[in-house]
Each structure stands twice: as C-alpha cells, then as structure tokens.
Amino acid sequence: MAAAAAPMSNSPITQVSQVQPAHVGLQPQLLTRLFLELRGRKFEVDRETIMNLPESVLLCLFPNGLVLSRQSVALSDGGDGDEEEEVYAIDFDPDCFQFVLTFFRNASEAFYGTATSPGLYNAQQHLMFEPNTEFHAGSNPLLTKQAIIVLREELEYFSIPPKDTGAATDANGIANNEMLDVKKRSGEYLMEKKNIFTALQRNVNKENNVAEQHLIDMLCMSGFNREDEWGYRALEPMRCCISSIALVLLKTGIIHHPNGERPVEIDYTQMTTAQKLLLFWRKPARKCWWDGIDIELPGAGDDGATKKVKLWARRVWTLELSLVGGPSEG
C-alpha cells in the first residue's frame with residue numbers, strides 16, 4: 001500500500017517519459033543546393049532545378065537514391081552551425097548533364113517568363129476558366145506546366161570481324177590491336193548515325209512490328225519529327241557504348257498566335273492525345289531490342305584495307321514525359 005501512495009514523479013514510467021533525447025527538436029536540414037562532380041567537372045545546382053529534372057535522368061545521376069536533406073552535424077555536436085560543402089561524385093557525362101540543364105532552363109523561361117519578358121503561361125491563363133471542365137486546370141496540368149518528352153538511348157555494340165582479318169581476342173578475352181581498331185571504328189561509324197528513328201524503323205520493316213510502328217507514330221504526333229536527330233550523343237569512355245538523349249516540347253494543342261494577334265486557342269483533339277500520353281509516359285518506360293547490320297569499315301587495320309564487319313547493337317530506350325513546375329514549385 002505504501003508503494004501505491006508514492007508520488008507519480010517516482011514512477012519509473014513517468015521518469016522515462018520525462019527524459020528528453022539528446023537530439024529532440026532537431027529537424028532534418030533541407031539542402032538548398034547540391035554540389036556535384038561529374039567525371040571531374042563540378043556543378044552547383046539548386047534544389048528546385050534538381051526536382052524538375054526527369055526521373056529517368058535522376059536515376060542515372062543518383063542510382064542509390066537522392067537525399068535532399070540531412071541532419072545538421074554541427075547543431076547536434078554543439079557546433080556553430082557551419083557545414084562543410086558536401087560534393088556528390090557521379091559517373092555521368094557532364095556535357096550531357098549540361099545539355100539537359102540548359103534545355104529545361106530555356107523551356108521553363110519560355111513558358112513561365114523571366115523578369116523582363118512574360119512567358120506563354122501568362123498568355124494562356126484564361127484557358128483555365130474555359131467552360132469545358134474536361135480540360136480544367138485542376139484535372140489537366142498541361143495548362144499550367146511545361147511538358148517535355150525525354151527520350152534516352154543506351155546503345156551497346158559488338159563488332160564481329162571476319163576470321164581472316166587478324167582481329168581477335170586471346171584466351172583471357174583481351175582484344176589485340178586489330179580488334180581494338182575495329183571496335184573504335186565501329187563506334188565512330190555508329191556515332192555518325194544520328195537519326196533517332198532509323199534503327200527502330202529498320203526493325204519495324206524487318207519484323208513488321210505494328211506496336212513499334214505505333215510508337216514511332218505517337219512520338220512524331222507528340223513533338224518529334226521523323227528526320228529528327230539526337231540532341232546529344234557521345235561514346236562512353238573505355239566502353240563499347242553510346243549514350244544519346246533527345247528532348248522536345250510536348251505538342252499540347254495549345255495554340256499561341258504570333259505577336260498575340262489572336263487569343264490563345266486549344267486544339268482539343270491534340271490536347272486529348274497529349275493527356276493520354278501523360279497517363280502512359282509520366283513514369284519512365286523502357287524498350288530494348290537487338291539490331292544487327294553488315295558494315296564496311298574503310299581503312300581499318302594497319303594495312304588500310306576495307307573490312308566487312310557484322311555489327312550488333314543492343315539498344316535500350318527510356319521514354320518519359322516530364323512536367324516542369326514553376327519557379328516556386330521546386
């Protein structure tokens with residue numbers, strides 16, 4: 001009975017609940033900008049820019065996940081709050097990254113405007129009050145955000161020269177000089193083939209693949225042209241691999257007339273198509289296929305003779321529709 005009459009403050013449960021953890025009240029600190037080092041080249045990118053990048057690109061940059069906040073070590077250790085610059089080392093083509101940053105910045109400025117010039121969004125705000133509720137801004141983000149089609153290709157190629165050329169690999173799979181020369185020239189040959197749809201169209205013609213033809217038609221209906229070339233294309237260092245990317249603005253059906261001579265209008269057929277694509281392509285989608293061709297490599301090898309090579313390419317396409325938010329939506 002005496003124990004029951006003891007004050008509540010003596011209860012072990014009460015005592016534990018009153019003990020405050022050492023780090024209580026500390027909130028994860030949001031990073032306002034990230035310092036990146038891509039193959040020796042440094043970038044300083046603000047958080048809003050990173051958040052607007054397409055998911056397919058972010059997965060390449062941060063395969064283990066992107067962390068935009070961290071616990072302040074300085075505060076938890078009783079320091080003065082200063083933090084050292086944390087640099088993320090990333091194995092990604094810096095020129096390709098710069099290409100993507102520039103395209104997204106230009107697209108955002110054209111749509112939302114700058115401090116000195118209004119953008120397309122300013123001229124089309126009245127569309128949000130159209131009586132057609134199917135296209136109301138609440139259910140149609142294409143009225144308030146810039147949509148960009150992101151198409152990436154990872155091409156891994158394999159060169160098979162004739163047996164009598166001297167190009168070969170040893171028992172350990174190490175290529176001799178002749179084989180290295182064939183691989184190098186095969187990469188140069190592929191680098192010159194910049195048209196986006198040539199290889200896929202060749203596969204369509206060979207296999208009569210209706211789905212692949214439909215993919216080409218949909219991409220060309222949405223913003224691409226059949227003769228378009230890759231916006232950025234480069235050989236990966238020390239690999240038989242070529243990375244390419246193409247970025248185009250989605251055709252939303254919103255029509256802006258030159259110099260504002262007429263109010264902005266909507267092509268509802270095109271807008272309906274764009275909305276359907278938004279449902280299918282909002283998350284990255286991938287397609288993979290093999291492509292085999294016979295080529296002639298002029299001047300390959302020490303003898304300078306032309307060599308016929310069987311060139312196999314494994315192509316992986318990643319397709320995504322990315323929505324660029326306004327400056328305050330990062």
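Two strands are taken to pair if DSSP finds at least two bridges between them, and the legends below use the word in that sense for a predicted model.

**View 1. Strand 11 and strand 12 of the predicted model pair in the antiparallel sense.** Strand 12, which covers residues 307-324, is joined to strand 11 over 13 bridges. Within this pair, Cys288 stands opposite Val316 in strand 12.

**View 2. Five strands form an open sheet with antiparallel pairing.** The order of the strands across the sheet is 7-8-6-12-11. Strand 7 (232-235) and strand 11 (285-297) each have a single partner strand and stand at the edges, so one side of each is left without a neighbour in the sheet. From one strand to the next, the twist averages 20°.

**View 3. Helix 5 and helix 9 each lie across strands of the sheet.** Helix 5, made up of residues 94-112, lies across strand 6 (146-160), strand 7, strand 8 (241-249) and strand 12, and its direction is at about 5° to that of strand 8. Helix 9, residues 210-222, lies across strand 6, strand 8, strand 11 and strand 12, and runs at about 50° to strand 12.

**View 4. Helix 9 packs with helix 10 in a left-handed crossing.** Two packed helices are described by the angle between their axes and by the distance between those axes. For helix 9 and helix 10 (residues 268-281), the angle is about 120° and the axes are 11 Å apart. Angles over 145 degrees would count as roughly antiparallel and those from 65 to 115 as roughly perpendicular; helix 9 and helix 10 are therefore oblique to each other. On the helix 9 side the contact involves Met218, Leu219, Met221 and Ser222, which meet Gln270, Thr273, Leu277 and Trp281 in helix 10. Five of the residues in this contact are nonpolar and three are polar, while no charged residue takes part.

**View 5. Helix 8 and helix 9 also make a left-handed crossing.** The axis of helix 8 (residues 198-207) comes within 8 Å of the axis of helix 9, and the two cross at roughly 145°. Leu200, Gln201, Asn203 and Val204 of helix 8 make the contact together with Glu212, Gln213, Leu215 and Ile216 of helix 9. The residues of this contact divide into four nonpolar, three polar and one charged.

Methods:
Residues numbered from 1 in each chain as written. Predicted model: local features only at pLDDT ≥ 70, side-chain atom pairs only at ≥ 80, totals over all residues. Heavy atoms only, no water. Helix = DSSP H or I, 4+ residues; strand = E, 2+ residues; numbered from the N terminus. Axes fitted to C-alpha atoms, helices over the stretch in contact; angles between N-to-C directions. Contact = heavy atoms within 4.5 Å. Parallel < 35°, antiparallel > 145°, perpendicular 65-115°, else oblique. Left-handed = near helix turned anticlockwise from the far one by under 90°. Nonpolar A, V, L, I, M, F, W, Y, C, P; charged D, E, K, R; others polar.
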